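Here's a quick walk through a small report on one protein model. Have a look at the sequence and structure first, then read on.

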Amino acid sequence: MAHTHSHDHTHDHGHHHGHTHGHGHGHAHSHGPETPHPSQSAPWSILRMTVLSRLAAALAVSAGLWAVVLLAMR
């Protein structure tokens, strides 16, 4: 014999927390709530570098990593 039981009531405690649940950026949004944030210009991008400067940066990073490896093996 199965016993079923339902609790259909709400829990309203009658107090207000006094704070908002927004994201608090401190600036007004200039886009609608259904659209994503507008893009911002990046101060630096590897995609805007020339091929030679990308190679130089890759070599510098590689040399730095090899220096860490060689120092760890000492």
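## A term to start with

A patch here is built from residues with over 30% relative accessible area and no salt bridge, and nonpolar side chains are joined into one when they lie within 5 Å. Keep in mind that this is a predicted model.

## The overall picture

The fold is easy to list: the protein has one helix and zero strands. Of its 74 residues, 1% are buried. The accessible surface adds up to about 7700 Å², and carbon and sulfur atoms account for 63% of that.

## The helix

Helix α1 has 23 residues and runs 33 Å from its first C-alpha to its last, close to the 33 Å expected at 1.5 Å a residue. How many of the residues of α1 are buried? The number is zero, so the helix lies largely in the open.

UniProt, in an unreviewed entry, annotates residues 51-73 as a "transmembrane region". In the model that span is 100% helix and 0% strand, and α1 itself covers residues 51-73.

## The nonpolar patch

W66, V69, L70 and M73 make up a nonpolar patch on the surface, together offering about 460 Å² of accessible area. One of them, M73, sits in α1. M73 has a relative accessible area of 64%, so it counts as exposed, the cut-off being over 50%.

Notes. Residues numbered from 1 in each chain as written. Predicted model: local features only at pLDDT ≥ 70, side-chain atom pairs only at ≥ 80, totals over all residues. Heavy atoms only, no water. Patch = residues over 30% accessible without salt bridge, like charges linked within 9 Å, V, L, I, M, F, W, Y side chains within 5 Å. Areas by Shrake-Rupley, 256 points an atom, 1.4 Å probe, with all protein chains shown as cover. Salt bridge = Lys/Arg side-chain N within 4 Å of Asp/Glu carboxyl O. Helix = DSSP H or I, 4+ residues; strand = E, 2+ residues; numbered from the N terminus. Buried < 20%, exposed > 50% of the residue type's maximum accessible area, 1.4 Å probe, protein only. UniProt positions renumbered as here; feature names shortened; annotations may be inferred. Expected span 1.5 Å × (residues − 1).
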